[in-house]
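User: I would like to understand how the terms used for a structure follow from its values. May I ask about them one by one?
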Amino acid sequence: MNYKIIFLLLLTTWCRAGAPDRDDGYRLWLKYDLIKDASQRATYARSAQFIALSGNTPVLKTAAEELQAGLQGLLGKAVPIVTSAGNKTGGIILTTRADLPTRNDEGYQITGKQNITVSGRTDAGVLYGAFALLRQLQTGQPISGLSLISNPKIQLRMLNHWDNTDGSIERGYAGSSLWNWYELPERIDPRYRDYARANASIGINGTVVNNVNASSRFLTAEYLEKVAALANVFRPYGIKIYLSVYFPAPKTIGGLKTADPLDPEVNKWWADKATEIYKLIPDFGGFLVKANSEGQPGPQDYNRTHADGANMLAKALAPHKGIVIWRAFVYKADGKADRFKAAYEEFQPLDGQFDKNVIVQVKNGPIDFQPREPFSPIFGVMPKTPLGMEFQLTQEYLGFATHLVYEAPIFKECLDSDTYVTGKNSTVAKVIDGSLHAYPLTAIAGVANTGSDRNWTGHPLAQANWYAFGRLAWDHSLSSEALANEWVKMTLTTEPASVKTITDMLLKSRDIYVNYNTPMGLSRPWTGAHFAPEPWQNRSSRPDWTAIYYHRADSLGLGFDRTAKGSNALAQYRPEVQQQWNNPETCPLPYLLWFHHVPWTKKLSTGRTLWDELCTRFYTGADSVGWLQKQWAQVKKDVNPETFDNVAGRLATQQKEAIWWRDAWVLYLQEFSRQPIPAPFKKPERSLDEVKQLVEIYKMR
Ligand code: BDP
């Protein structure tokens with residue numbers, strides 16, 4: 001069977017999977033259903049009579065075939081691929097041009113009137129341009145007369161999968177792993193290609209396929225073959241594969257007595273392993289490493305530093321142009337210390353000590369993917385070390401797959417924060433895109449929210465988080481609203497009123513969630529389910545794995561004092577940033593309890609006391625889920641029934657849980673505040689003991 005026939009077969013499967021009358025969400029934002037407006041279709045069709053492609057490299061072929069498939073669906077007519085436009089007009093030319101005025105190799109340009117030319121300096125640029133052109137049609141924009149250039153602002157735009165060999169996913173809520181390890185490398189699930197298409201369409205160019213809590217099995221010959229088979233599928237879509245590695249692998253699978261990064265035999269083991277990997281996967285991306293973090297071994301076990309560990313791996317990969325992504329997610333089991341400060345304390349002194357092919361990957365906030373965190377102070381203090389961003393798409397602390405939380409505002413809030421590292425307007429975005437410190441390597445990663453569920457993400461609207469992440473990784477200046485709008489049009493409906501309603505729901509969803517879950521700077525990163533709040537949880541093997549460690553409720557007030565009178569974590573930020581947060585009178589309310597222990601009766605800028613303000617937020621947050629339900633009911637006529645019912649069901653669950661979570665917090669905090677629930681809110685119908693039981697029962701499942 002030749003390549004074209006295979007493609008057509010795949011295409012048929014793809015189309016069958018999502019015929020308009022039965023839309024199970026599998027096609028994501030690449031639906032390509034017929035554009036309803038016939039005159040709009042005809043206008044597009046006049047500019048899309050053929051696709052001219054002169055090259056035949058795999059990525060260029062992908063670009064042409066994706067464009068062809070998309071146009072076929074949107075316009076309802078076959079668009080031929082020809083090898084040259086000759087003197088024909090009215091078509092689309094895909095071409096690479098080394099002298100293109102794009103800023104980097106993956107950028108693209110779309111120009112032209114008589115023919116539309118989509119060009120890139122590399123094949124990948126053309127591929128991204130082809131998807132951008134399709135996006136124009138999908139969102140009802142003009143395609144002729146365009147003159148646009150777009151460049152990715154960040155080089156490595158990656159998904160991190162926390163997937164295990166047994167098919168489970170750490171913190172995964174959309175089924176099991178996409179990778180069928182037991183069937184690989186022989187059986188290639190067609191879904192792997194669909195995964196690659198979706199990623200390429202939003203500019204993602206790298207994927208780490210296994211959990212950061214890594215099994216050394218992934219480095220065995222058996223597994224490397226499986227990984228190589230996946231790499232073969234991803235390659236035509238411009239996506240490189242990376243592996244999370246277990247630092248002591250030289251001991252566990254290499255038979256060495258040590259994994260000391262300064263031991264010559266250990267060095268040799270990794271160098272040999274790298275050579276073995278690159279024989280199988282010539283464009284292998286590199287390693288992601290979680291070391292000396294949450295019980296994972298690492299260089300500190302041998303009195304070496306993170307830099308020693310990272311550089312040792314970097315040297316093994318350097319001859320092959322591979323890179324090391326070393327995570328900064330570390331904190332010690334020291335109950336007296338402030339976990340907020342831990343990563344900075346370990347990493348800041350190492351600034352400038354990492355090899356050129358190392359990038360340090362930092363979570364957006366100092367603690368752990370909370371619904372709202374201040375930006376990690378590390379972003380303001382490591383000018384000599386390339387820092388990459390780690391966001392979490394999977395909703396570990398965001399209500400799993402039942403709560404609606406559109407995450408673009410979380411990402412933007414962090415990216416737009418000013419670190420003041422080189423004066424005003426030194427945003428986190430400018431740190432990580434390299435424009436402030438001229439980092440040679442730039443990266444951004446999202447911990448994936450995908451799984452084997454037919455619609456990929458469990459909650460149908462959580463697809464928007466995957467989408468927005470990829471688009472922001474490409475261009476962090478895009479707004480949350482523009483991305484929501486785009487995604488809704490491509491995925492759910494193009495009816496203007498419904499587009500507006502759903503966009504509005506998405507944009508408000510995060511604040512609604514924060515209000516009933518962790519308002520005003522509360523957080524809840526304790527062990528257990530990571531689902532329902534358990535603010536009473538006070539026992540664990542380590543103090544920073546209890547809830548009371550974070551909220552510090554007592555008879556006087558609530559919140560973690562991180563000023564100079566408390567842990568002084570604020571000192572890790574530049575003075576201008578400290579100034580925003582260190583005065584409880586002026587600290588913005590969303591961050592108040594992150595930095596201050598505030599008396600229950602303290603009057604806030606809203607005119608309410610802390611207690612009354614908290615109650616107001618918990619209650620209005622929970623009530624707003626009802627608003628989300630009402631909004632969703634309004635779009636019924638414009639959204640396919642399967643997706644409509646799916647979302648409606650999840651919103652009903654969310655409503656129930658939001659009330660439960662509100663009750664958990666207010667009943668628990670009331671034991672300290674000793675204040676009534678303020679009018680007009682009614683006191684919870686259940687007792688604190690009943691809520692505690694609910695949580696215990698939840699944890700049993
Ligand atoms: C925490 C997760 C844990 C991860 C860890 C990490 O609960 O499952 O392994 O982050 O990022 O949020 O390493």
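Analyst: Please do. Asp, Glu, Lys and Arg count as charged, while Ala, Val, Leu, Ile, Met, Phe, Trp, Tyr, Cys and Pro count as nonpolar, and the others as polar. In this predicted model, the shell around the ligand has 8 charged, 3 nonpolar and 2 polar residues.

User: Which residues are the closest of those that surround the ligand?

Analyst: The ligand is surrounded by 13 residues, and the closest are Glu170, Lys290, Arg327, Asp368 and Glu396.

User: What makes the approach of Asp368 to an oxygen atom of the ligand a polar contact?

Analyst: A polar contact requires a pair of N or O atoms within 3.5 Å. An N or O atom in the side chain of Asp368 is 2.5 Å from an oxygen atom of the ligand, so the pair meets that cut-off. For Arg327, a polar side-chain atom lies 2.6 Å from a ligand oxygen, and for Asn213 the value is 2.9 Å; both therefore qualify as well.

User: How much of the ligand does the protein bury?

Analyst: The ligand taken alone exposes 320 Å², and the protein buries 97% of that.

User: Why are strands S4 and S5 called paired?

Analyst: Pairing requires at least two bridges between the strands. Strand S4 (residues 108–112) and strand S5 (residues 116–120) are joined by 4 bridges and run antiparallel, so they are paired. Ile110, for instance, has Val118 in S5 as its bridge partner.

User: What makes S2 and S6 edge strands?

Analyst: The open sheet has 6 strands in the order S2-S1-S3-S5-S4-S6, with mixed pairing. Strand S2 (81–82) and strand S6 (146–150) each pair on one side only.

Key. Residues are numbered from 1 along each chain as its sequence is written. This is a predicted model: local features need pLDDT of at least 70, side-chain atom pairs count only at pLDDT 80 or more; totals for chains, interfaces and linings use all residues. Side-chain values use heavy atoms; hydrogens and water are left out. A residue is near a molecule or strand if one of its heavy atoms lies within 4 Å of it. A polar contact is a pair of N or O atoms within 3.5 Å; within protein, one must be able to donate a hydrogen and the other to accept it, and residues adjacent in sequence count only if both atoms are side-chain atoms. Accessible areas come from the Shrake-Rupley method with a 1.4 Å probe; for residues, only the protein chains shown count as cover. Helices (H or I, at least four residues) and strands (E, at least two) are DSSP runs, numbered from the N terminus.
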